[in-house]
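Reader: I have a structure to go through and would like to ask about it as we read. Could you take my questions one at a time?

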Amino acid sequence: MKRAIHFVLLLFLSLLLYSYADEAFDVRQHLSTVTRYGAVKGIADNSFIASNIPDGCTPIHINLVARHGTRSPTKKRIKELDNMEARLEVLLRDAEERKLSLQKVPSWIQGWKSPWKGKLKGGELISKGEEELYDLGIRIREKFPDLFNEEYFPDVYAIRATQVPRASASAVAFGMGLFIGTGSLGPGRHRAFAVTSESRASDLLLRFYDTCENYKDFRKKQEPAVGKLKEPILDEITSSLVRRYMLNFTRQDTSSLWFLCKQEASLLDITDHACSLFTPSEISLLEWTDDLELFILKGYGNSLNYQMGVPLLQDVLQAMEQAIKAQEEKHAPGSYEKARLRFAHAETVVPFSCLLGLFREGSGFQQIQEEKSLEPPPKPPQQRNWRGSVVAPFAGNNMLVLYSCQANSSSKYFVQVLHNEDPIPLPGCDDDFCPFEHFKENIVYPHRKFNYNQVCMVKQETPEQKPSMITTARSSF
């Protein structure tokens with residue numbers, strides 16, 4: 001009798017804990033690169049304690065590389081969602097013809113219409129995305145008031161964006177927040193400011209992936225293989241969905257429903273429709289497949305992914321060196337650049353993060369400097385550093401802040417990297433507050449062995465690392 005009571009108590013506690021875990025699980029934090037900035041901002045490594053900036057150290061220059069804010073689905077994906085509407089009708093009709101009970105079918109599926117139905121264009125910055133960048137601009141000014149205390153001039157506060165509208169709109173929203181109250185336009189005392197863009201055909205700093213022929217060839221060849229890597233997970237989850245809801249879902253249905261979940265949760269804050277079809281463990285697996293794709297096609301999975309971003313890293317270094325020269329030569333205020341602020345895409349932010357050596361698994365920094373690929377991120381439930389929702393959410397950003405510490409006897413200048421506004425440790429440095437010369441010698445210079453044309457314009461042999469990457473990833477399923 002006592003054993004039976006003990007068993008019932010254990011069962012009750014396990015159900016209670018399971019229920020609590022489900023309640024604590026927020027799908028909006030697990031949408032890979034479709035994650036909204038506010039859902040993950042502040043989620044940092046609790047084991048890392050940021051350095052205290054020493055007294056007498058003042059910021060003299062800031063480099064920002066940011067992704068555009070939350071956007072609507074692209075035109076191609078809107079069409080996929082339109083097709084899903086008809087597909088769900090077919091699934092329901094098939095169930096009725098087989099005389100199956102529809103009691104297990106969620107009510108939202110019956111009569112579902114795509115929220116983006118009828119839209120002819122897509123991919124534009126939405127109001128939430130505007131707010132993300134606007135608020136970011138306000139916070140940066142508040143965090144670094146001495147950097148933004150001068151009268152605006154485009155050569156002092158340079159704002160650059162790609163020619164893609166959502167990136168340039170993000171730059172405008174950011175600038176409105178950054179300079180709020182400093183002009184004379186409207187009740188908010190806004191001011192006009194310049195946003196410059198390079199042609200898509202020649203933008204080697206922010207759209208290097210568009211002009212890198214070797215990378216485009218790599219993507220074209222690898223995308224089908226990456227799709228194959230996802231299939232076992234999609235098949236496993238599809239089988240579970242079929243058993244759970246008695247509908248004849250296919251692998252493509254599961255993929256489309258996961259995409260709908262991401263759009264609903266991120267853009268509309270709807271988590272009780274498509275997202276509710278999946279358990280938390282299934283969402284974690286789907287998130288991992290997206291992160292794996294990001295890793296292989298844009299991240300550490302192939303050194304070409306970040307080699308082509310070296311011109312951007314060199315530009316950051318050049319800006320810092322110019323700021324140091326202005327400091328040493330005591331240039332007059334307003335005569336030199338204090339901030340270089342860039343707005344681009346996940347394809348920009350991810351390789352740039354890799355060049356800095358961020359979000360590696362284990363000790364892979366030496367491999368990065370030797371231009372080698374890293375092992376893929378471990379499969380759930382194992383913990384991993386590489387998560388698209390943290391590496392490059394909407395409005396995700398890296399800020400490199402250059403400090404002048406004139407009273408310091410060992411080094412006058414230091415670099416601190418903030419990822420999504422939180423200090424993050426730099427590999428190759430003792431902590432997150434890195435001597436400038438150390439940053440230059442240990443992080444930037446090792447990547448100088450290849451220039452952009454060598455990496456991108458010369459047809460290369462297929463590296464041996466590519467097949468091994470796919471094989472290694474397969475073995476983790």
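Reader: To begin with, which residue forms a salt bridge with Glu 282?

Author: This is a predicted model, and in it Glu 282 forms a salt bridge with Arg 244. The closest N and O atoms of the pair are 2.6 Å apart.

Reader: Where do Glu 282 and Arg 244 lie?

Author: Glu 282 belongs to helix α9 and Arg 244 to helix α7, so the salt bridge ties together parts that are 38 residues apart in sequence.

Reader: Is Glu 282 buried or exposed?

Author: Glu 282 is buried, at a relative accessible area of 7%. Its partner Arg 244 counts as partly exposed, at 25%.

Reader: What about Lys 230, with which residue does it form a salt bridge?

Author: Lys 230 pairs with Glu 293, and their closest N and O atoms are 2.5 Å apart. Lys 230 is in helix α7 and Glu 293 in helix α9, so this pair ties together parts that are 63 residues apart in sequence. Lys 230 is buried, with a relative accessible area of 16%, while Glu 293 is partly exposed, with 29%.

Reader: And which residue does Arg 98 form a salt bridge with?

Author: The partner of Arg 98 is Asp 94, with 3.0 Å between the closest N and O atoms. Arg 98 is partly exposed, at 37% relative accessible area, and Asp 94 is also partly exposed, at 23%.

Reader: How many salt bridges are there by this rule?

Author: The count comes to 31 salt bridges. Some share partners: Asp 26, Arg 28, Arg 36 and Asp 269 are joined into one network in this way.

Reader: Changing topic: how much space lies in the largest pocket?

Author: The largest pocket holds about 1,500 Å³ of space. It is lined by 45 residues, and those closest to its centre are Arg 77, Arg 219, Lys 230, Glu 293 and Lys 298. Lys 230 and Glu 293 are the pair already described as forming a salt bridge.

Reader: Which elements give two or more residues to that lining?

Author: They are α3 (75–97), α6 (208–211), α7 (213–245), α8 (251–267), α9 (280–298) and α12 (346–355). Helix α7 gives the most, with ten residues.

Reader: How do the lining residues divide into nonpolar, polar and charged?

Author: The lining of the largest pocket has 20 charged residues, 15 nonpolar and ten polar.

Reader: On to helix α5. What span should its residues have?

Author: Helix α5 covers residues 165–178, which is 14 residues, and at 1.5 Å a residue it should span 20 Å. Its end C-alpha atoms are 20 Å apart, so the model agrees with the expected value.

Reader: Which residues of α5 are buried?

Author: The buried residues of α5 are Arg 166, Ala 167, Ser 170, Ala 171, Ala 173, Phe 174, Gly 175, Gly 177 and Leu 178.

Reader: What covers them?

Author: The cover over the buried residues of α5 includes β1 (58–67), α4 (127–143), β2 (157–161) and β3 (339–344).

Reader: I would also like to look at Trp 116. Where does it lie?

Author: Trp 116 is in the loop between α3 and α4, and at 6% relative accessibility it counts as buried.

Reader: Which residues does Trp 116 touch?

Author: Leaving aside residues up to four places away in sequence, Trp 116 touches Pro 73, Ile 78, Leu 81, Leu 260, Gln 263, Glu 264, Leu 267 and Leu 268. The C-alpha atoms of Trp 116 and Lys 79 are separated by 9.1 Å, and these two residues are 37 residues apart along the chain.

Reader: Now the backbone. Which peptide bond is cis, with omega near 10 degrees?

Author: That is the bond from Pro 380 to Pro 381. Pro 381 is found in the loop between α13 (365–369) and α14 (388–391).

Reader: What is the phi of Ser 32?

Author: Phi of Ser 32 is near 50 degrees, a positive value in a residue other than glycine. Ser 32 sits in the loop between α1 (2–24) and α2 (37–40), and it counts as buried at 3% relative accessibility.

Reader: And what is the phi of Ala 395?

Author: Ala 395 has a positive phi of about 70 degrees, although it is not a glycine. Its place is in the loop between α14 and β4 (397–404). At 0% relative accessibility, Ala 395 counts as buried.

Definitions and conventions
Residues numbered from 1 in each chain as written. Predicted model: local features only at pLDDT ≥ 70, side-chain atom pairs only at ≥ 80, totals over all residues. Heavy atoms only, no water. 1 Å grid on protein atoms, 1.4 Å probe; cavity = no way out; pocket = protein on both sides within 12 Å on 5 of 7 lines; lining within 4 Å. Points joined across faces, edges and corners; volume = space filled by probe spheres on them. Helix = DSSP H or I, 4+ residues; strand = E, 2+ residues; numbered from the N terminus. Nonpolar A, V, L, I, M, F, W, Y, C, P; charged D, E, K, R; others polar. Expected span 1.5 Å × (residues − 1). Buried < 20%, exposed > 50% of the residue type's maximum accessible area, 1.4 Å probe, protein only. Contact = heavy atoms within 4.5 Å. Salt bridge = Lys/Arg side-chain N within 4 Å of Asp/Glu carboxyl O.
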